[in-house]
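Biologist: Could you pull up the model and walk me through it? I'd like to hear the reasoning behind the labels as we go.

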Amino acid sequence: MLPKIDPTTTSSWAKLSELSSENESIQKLLNDPLRVNDFSFDFDEFHFDFSKNSVSNATFKTLLELARECKLQEGIQSMFDGQSINETEDRSVLHTALRSNSKPEVSKELEKVKEFSTSIQNGEWVGYSGKRITDIVNIGIGGSDLGPKMVTYALKPYWKSITPHFISNVDAAQMVEVLEELNPESTLFIIASKTFTTQETITNALSAREWFLSNGGSNETISQHFVAVSTNEKAVTEFGISTENMFEFWNWVGGRFSLWSVIGLSIACTVGFEHFQNLLRGAKRMDDHFRTEELENNLPVLSALIGIWYNNFLHYDSMAILPYDHRLRYLPSYLQQVDMESNGKYIDRNAQEVSFQTGPIIWGEPGTNGQHAFYQLIHQGTKVIPCEFLAIAQPAHNHTDHHEKLLANFFAQSEALLTGKSKEQVLTEVGDRASDLLVNSKVFKGNRPSTSILIKELNPFNLGSLVAYYEHRVFTQGLIWNIFSFDQWGVELGKQLSKPILKEIKSGEDGSHDASTLSLMKKFHEMRN
């Protein structure tokens with residue numbers, strides 16, 4: 001089982017509190033000629049530069065002591081051993097097994113994914129009129145949507161004969177927008193829901209079936225255009241999907257860690273099974289690194305410890321993910337779920353309320369778009385926001401001028417956050433006669449932290465490693481904070497309350513609610529009528 005150590009009881013936590021009051025500037029830290037070398041790491045086709053972070057050698061050493069005092073290495077081994085570390089749900093956490101070929105049931109389902117995705121790719125699987133499938137619509141939500149969508153669009157250059165679409169929101173506007181572009185004769189729907197009872201997913205699935213039946217399809221041909229990723233055989237059959245077209249996964253696969261499983265069927269169908277396998281291989285490469293590498297050279301651990309330093313000792317409570325590559329545009333929203341749904345907890349593994357901040361607020365946008373939106377706050381705002389910049393050295397296009405300008409901005413932004421601009425520099429630019437208002441408004445304090453990740457190319461293998469890096473960073477922080485990272489009870493309450501409210505909306509009757517909710521529902525009825 002996972003160790004259950006309150007980190008605030010460790011000697012290293014107390015020492016870190018002392019160090020936080022004497023935190024050195026990043027500019028001063030970079031005066032050390034060994035700094036960049038000591039805080040930069042090469043891993044396959046990755047280069048990680050942690051040197052522009054507000055972490056001194058003494059702080060870094062103490063953070064490693066914290067990890068050891070919290071028995072991080074034992075916790076890592078517990079996860080890989082398949083122990084039931086998700087105690088509130090009494091489940092193992094074995095998404096890493098999905099990419100290790102260590103379980104026969106996983107290999108069996110992967111073979112099924114291979115056969116199916118190959119038949120879609122080569123045109124053997126056809127619709128009711130004999131036309132080959134050209135469009136796939138993945139209907140899911142949360143982990144059944146964000147992961148596959150992020151990966152599929154990140155691997156856009158690997159798309160072959162299939163165009164993917166993703167529907168998650170119960171707002172019918174998304175459904176209508178997607179379906180109006182499609183031909184039912186050449187469209188395949190993947191209904192991704194472990195229980196096959198998720199309200200949003202099943203509502204959308206039923207509407208998709210209605211659209212199909214109203215546009216030339218029939219009950220007899222549903223099985224040619226609908227497949228299911230689920231464990232509920234009865235509900236799948238009742239929907240009209242053949243059990244032969246049902247793909248299974250297990251309760252030890254958490255939703256936000258499930259893209260490696262049959263939840264990734266839309267990925268395999270779009271980019272081909274070989275590339276899906278390379279995605280798994282890349283993730284396993286990072287798994288092996290995380291499981292075996294010493295803590296001081298362990299990339300997910302280093303990143304996690306820096307995050308703990310910021311969150312708990314310097315009180316920087318958010319983090320910006322800033323990919324300088326359009327293909328990674330869904331990475332920030334994907335990581336919001338992986339991180340915030342995992343570590344947004346206030347009860348620890350000892351059933352006690354924690355006395356410190358846990359998960360940070362994760363947000364971001366691709367560069368250079370974000371530069372013309374929220375970078376003003378990052379550079380000159382009153383909040384210090386650690387940034388993680390990502391860039392790809394070799395693009396998937398031949399527009400060299402575009403890519404060089406993109407990368408110039410990638411390098412410049414972390415430098416600008418570091419160095420800022422002094423009053424003397426501003427005076428040189430605008431002249432001594434400029435007003436104090438103008439001069440002071442153009443000053444940048446600098447000393448704002450960032451991490452830079454440079455990747456040679458964005459291929460399936462490297463993407464797999466990158467996603468696994470983030471997964472393990474989240475696990476590391478959760479373990480040190482002594483919280484359970486693999487349940488998500490916080491998403492349940494609103495869903496539970498929506499069920500009786502839905503009945504009241506349909507009947508027009510008022511239930512027992514607070515005054516504000518009752519007033520809102522009354523106003524809704526007035527507006528609708």
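What follows is a chat about sheets, a helix contact and a cavity.

Modeller: Before we start, keep in mind that this is a predicted model.

Biologist: Fine. What makes E3 and E4 a pair?

Modeller: Two bridges between strands is the minimum, and E3 (residues 135–139) and E4 have five, in the parallel sense. So they count as paired. One bridge to look at is Ile136, whose partner in E4 is Pro164.

Biologist: And which sheet does that pair belong to?

Modeller: An open one of five strands, with parallel pairing and the order E4-E3-E5-E6-E7.

Biologist: Why are E4 and E7 called edge strands?

Modeller: Strand E4 (163–167) and strand E7 (246–247) each pair on one side only. Across this sheet lies helix H9 (residues 199–214), over E3, E4, strand E5 (187–192) and strand E6 (226–229).

Biologist: How does H9 run relative to E5?

Modeller: The angle is about 160°. Anything over 145 counts as roughly antiparallel, so H9 is roughly antiparallel to E5.

Biologist: Now the helices. Why is H5 called oblique to H13?

Modeller: The axes of helix H5 (residues 72–80) and helix H13 (residues 273–292) cross at roughly 140° and come within 9 Å. Roughly antiparallel needs an angle over 145, and roughly perpendicular stops at 115. The value falls in neither class, so H5 is oblique to H13.

Biologist: Which residues make that contact?

Modeller: H5 brings Ile76, Gln77, Met79 and Phe80, while H13 brings Asp287, Phe290 and Arg291. By type, that's four nonpolar, one polar and two charged.

Biologist: There's another sheet, isn't there? What is its strand order?

Modeller: E1-E2-E11-E10-E8-E9, six strands in an open sheet with mixed pairing. Its edges are strand E1 (40–43) and strand E9 (361–364), each pairing on one side only. From one strand to the next, the twist averages 15°.

Biologist: How do you know that the pairing is mixed?

Modeller: Look at two of the pairs. E8 and E10 run parallel and are joined by five bridges, with Ala320 opposite Cys387 in E10. E1 and strand E2 (residues 46–49), in contrast, run antiparallel, with four bridges, and Ser40 stands opposite Asp49 in E2.

Biologist: What lies between E1 and E2?

Modeller: Two residues, and the strands form a hairpin. In the turn, Asp44 has a positive phi of about 50°.

Biologist: Which helix packs on this sheet?

Modeller: Helix H17 (residues 400–419), touching E8, E10 and E11. Its direction makes about 150° with that of E10. That is over 145, so this one is roughly antiparallel as well.

Biologist: Last topic, empty space. How do you know that there are cavities?

Modeller: Rolling a probe the size of a water molecule over the atoms shows where empty space is left. Searching the whole structure turns up five cavities of 30 Å³ or more, and the largest holds about 200 Å³ of space.

Biologist: What lines the largest cavity?

Modeller: 21 residues, with Ile306, Gly307, Tyr310, Met319 and Pro386 nearest its centre. The elements giving two or more residues are helix H14 (299–314), strand E8 (318–324), strand E10 (387–394), strand E11 (450–457) and helix H20 (460–480). H14 supplies the largest share, five residues.

Biologist: How many of the lining residues are nonpolar, polar or charged?

Modeller: Ten are nonpolar, eight polar and three charged. Gly counts as polar, so Gly307, one of the residues nearest the centre, goes with the polar ones.

Technical notes: Residues are numbered from 1 along each chain as its sequence is written. This is a predicted model: local features need pLDDT of at least 70, side-chain atom pairs count only at pLDDT 80 or more; totals for chains, interfaces and linings use all residues. Side-chain values use heavy atoms; hydrogens and water are left out. Contact means heavy atoms within 4.5 Å. Axes are lines fitted to C-alpha atoms, for helices over the stretch in contact, and angles run from 0 to 180 degrees between N-to-C directions. Angles under 35 degrees count as roughly parallel, over 145 as roughly antiparallel, 65 to 115 as roughly perpendicular and the rest as oblique. On a 1 Å grid over the protein atoms alone, a cavity is a set of points where a 1.4 Å probe fits but cannot get out, and a pocket is an open set with protein on both sides within 12 Å along at least five of seven lines; lining residues have an atom within 4 Å of a point. Grid points are joined across faces, edges and corners, and a volume is the space filled by probe spheres set on the points.
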